[in-house]
Amino acid sequence: MAERDRFELDLAAALRAYLEDAPTEVRPTEIARQLATAYPHRQSALGRWGFGLTPAMAWVLLLVGLLLALLVGGLLVGIQRPDQAVVVVPQSPGTSPTPARSPSPWGTATAWDAPRGAVPFGSRPCWGTEWIVQPWSTNAL
Amino acid sequence: MNGQAMGSRTVASIVALAGAGDEAAFAQLVAAHHADMARVAFAVCGDRELAEDAVQSSWLVAWRKLHSLRDPDRVRPWLLAVTANEARQLLRRRHGPVVEIDVEVPGDPHGDPSTGIERLDLRRALAHLSPDDRALVAMHYVIDLSSDELGVAIGASPSAARMRLSRIVDRLKKELRDG
């Protein structure tokens, strides 16, 4: 704060004199006792085991806990889900895969080429499907 | 003991204990800050009884909400802001939406002759300010709050508090010099 000029010094002195009329006398212990009797502080939900947490901190911890529980639950469920595509190639008996007649400019894809990472149907169990071994699968060989 | 006399570490522990409902710690806060709160309330209301009621209800607010004070070192401006708010509300309830104080002067109307500002003139000039401005003037010129603390008290930055104070002083200067 900058230095006070003459007017401000006069103002401060006049204000101090004026505010001498303020009701400044008090009995502190009396006020504290009356308030404590009339409005007792409630124990926190954790009782005396509040660990010094303020209500705001407790809410944040609760929220973080819920998010963690959600994350762990999601991971547990996600582990059990099939994460690889299952390709079922309709084939009639006796046919064998043949290369395309005119080579594709994107490569030599065959009719039964499965996407990368795909596991032939029957090589692993899948939710809602039966364990069927196809003749062309590795399990059948 | 006043607010400044308590060491920072002591203030933190006293505020924490008082916020948790410790009677003795709360009594220490009352002893340290009651007089300043009464001055602010009186500056806002201009009436002893109203000021007394305002400080009483401020202590009730403090008793209930002290635990929510994040920075214990700011307890002084926080208590003064609570007091100014309570005083303003009491004044509004008493006088309706017009919250100017009476210019009736208790005691000596001339006040301290050494200041060059007469009590009646000061009271009249203060009556033309808003209750919040009266509180700000008292907090700065009588209680000697720093601009940081003024900012906390009015919920603004220290520079905003300084600017507001400067405008109020200009206005008071005009009122008191020009009549």
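Colleague: Which helices of chain B are included in what covers the buried residues of α2(A)?

Modeller: In this predicted model, the cover over the buried residues of α2(A) includes two helices of chain B. Those helices are α2 and α3 of chain B.

Colleague: Which residues of helix α2 of chain A are buried, and which exposed residues does the face turned away from them carry?

Modeller: Helix α2 of chain A spans residues 28-38, and its buried residues are A:Pro28, A:Ile31, A:Ala32 and A:Leu35. Because they cover an arc of only 95 degrees around the axis, they lie on the same side of α2(A). In an α-helix there are 3.6 residues a turn, so residues three or four places apart point the same way. The face of α2(A) turned away from the buried side carries the exposed residues A:Glu30, A:Thr37 and A:Ala38.

Colleague: Which helix supplies the largest share of the side of chain B that touches chain A?

Modeller: The contact takes 40 residues from chain B and 27 residues from chain A. On the side of chain B that touches chain A, at least two residues come from each of α2, α3, α5, α6 and α8 of chain B. The largest share, 11 residues, comes from α2(B).

Colleague: Is B:Lys65 buried or exposed?

Modeller: B:Lys65 belongs to helix α3 of chain B, and its C-alpha lies 7.3 Å from that of B:Gly19, although the two are 46 residues apart in sequence. A residue with 12 or fewer other C-beta atoms within 10 Å of its own counts as exposed. Because B:Lys65 has 12 C-beta neighbours inside 10 Å, B:Lys65 is exposed.

Conventions. Residues numbered from 1 in each chain as written. Chains lettered and ligands numbered in written order. Predicted model: local features only at pLDDT ≥ 70, side-chain atom pairs only at ≥ 80, totals over all residues. Contact = placed C-beta atoms within 7 Å. Helix = DSSP H or I, 4+ residues; strand = E, 2+ residues; numbered from the N terminus. Buried ≥ 20, exposed ≤ 12 C-beta atoms within 10 Å, placed from the backbone. Arc of directions from axis to C-beta.
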